[in-house]
Amino acid sequence: MLPHIQKILYATDLSGPAKHALGYALSIAKIYQADLMLLHVIPDWARNVTLASGLDFATIYNENTWLKIKDDVLRVSKKHAKERIESAYRQYKYELEAAHIATTVHVQTGHPVHTILQFAHEVDMIVMGTYGHSKLGSFFAGSVAQGVIAKSRTPVMVVHLEKDETTKPL
């Protein structure tokens, strides 16, 4: 029996390969009349900086100031990422609406692989992009794509963009 694809997750890091993969996600959504979820995950930069530096910034700045800095940076980052994603698929928006394909944009904070896998439970397919650096390198996907492929029970389509191809980031 052929799979019935009703909902697709397009996971993006806003890079050139991710933009290249967007075309595939949109095309598959249109062919299957599937809803499309667009997801960008912002890594927890504050946690990463704290772990990498070994400093407790909440103590250095006082906890309230540090929380405000984190919240302000996160709010602006999420807003900017959502605008970039919406801008990238805007040219397809009317075509998708005419085909009655619902699209939603999600910008989350966390570990990219874990967050993508959380959303994977709601969809029938995941589409994401990665660079193919060489014949051997193209066999291996990027670390996020590799993690999703290894742990997902949902089928994953990884679209390669060769290093010498030019696709501007989202």
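## Strand E2 and its partners

Strand E2 is mostly covered, with 7 of its 8 residues buried; buried means under 20% relative accessible area, exposed over 50%, and partly exposed in between (1.4 Å probe, protein chains only). Helices (H or I, at least four residues) and strands (E, at least two) are DSSP runs, numbered from the N terminus. This is a predicted model, in which local features need pLDDT of at least 70 and side-chain atom pairs count only at pLDDT 80 or more, while totals for chains, interfaces and linings use all residues. Residues are numbered from 1 along each chain as its sequence is written, and side-chain values use heavy atoms, with hydrogens and water left out.

E2 runs parallel to E1, and 6 bridges join the two; strands pair if DSSP finds at least two bridges between them. Within this pairing, Tyr 10 stands opposite Leu 38 in E2. E2 also runs parallel to E3, to which 7 bridges join it. Ile 42 has Thr 109 in E3 as its bridge partner. E1, H1 and E2 make a right-handed β-α-β unit: with the strands pointing away from the viewer, the path from the first strand over the helix to the second runs clockwise.

## The chain as a whole

The protein chain has 6 helices and 5 strands, in the order β-α-β-α-α-α-β-α-β-α-β along the sequence. Of its 170 residues, 36% are buried. Contact means heavy atoms within 4.5 Å. Among contacts between residues at least 6 apart in sequence, 79% join residues at least 24 apart.

## Nonpolar cores

A nonpolar core is a set of buried Ala, Val, Leu, Ile, Met, Phe, Trp, Tyr and Cys residues joined through side-chain atoms within 4.5 Å. The largest one has 27 residues, and those with the most contacts inside it are Ile 8, Tyr 10, Leu 22, Leu 36, Leu 38, Ile 85 and Val 127. At least two residues of this core come from each of E1 (7–12), H1 (16–32), E2 (35–42), H4 (63–98), E3 (103–109) and E4 (125–132). H1 supplies the largest share, 7 residues.

Leaving aside neighbours within four places in sequence, Leu 22 is in contact with Tyr 10, Leu 38, Ala 88 and Tyr 89. Apart from the largest core lies another of 15 residues, among them Val 41, Leu 117, Met 128 and Ala 145.

## Helix H5 and Thr 115

Helix H5 is largely enclosed by the rest of the structure, because 7 of its 9 residues are buried. These are Pro 112, Val 113, Thr 115, Ile 116, Leu 117, Phe 119 and Ala 120.

Thr 115, in helix H5, has 6% relative accessibility and therefore counts as buried. Its C-alpha atom is separated by 7.1 Å from that of Val 41, although the two are 74 residues apart along the chain. Beyond its neighbours within four places in sequence, Thr 115 is in contact with Leu 39, Val 41, Gln 108, Thr 109 and Gly 110.

## Confidence

The predictor's confidence in each residue is given as pLDDT, from 0 to 100. The protein chain averages 80, and 78% of the residues score at least 70. Among the elements, helix H2 (residues 45–53) has the lowest mean pLDDT, 58, and helix H5 (residues 112–120) the highest, 96. Over residues 133–140 the pLDDT is below 50, and this stretch has 6 contacts in the model beyond near neighbours in sequence. Where pLDDT is low, the predicted coordinates should not be read in detail.
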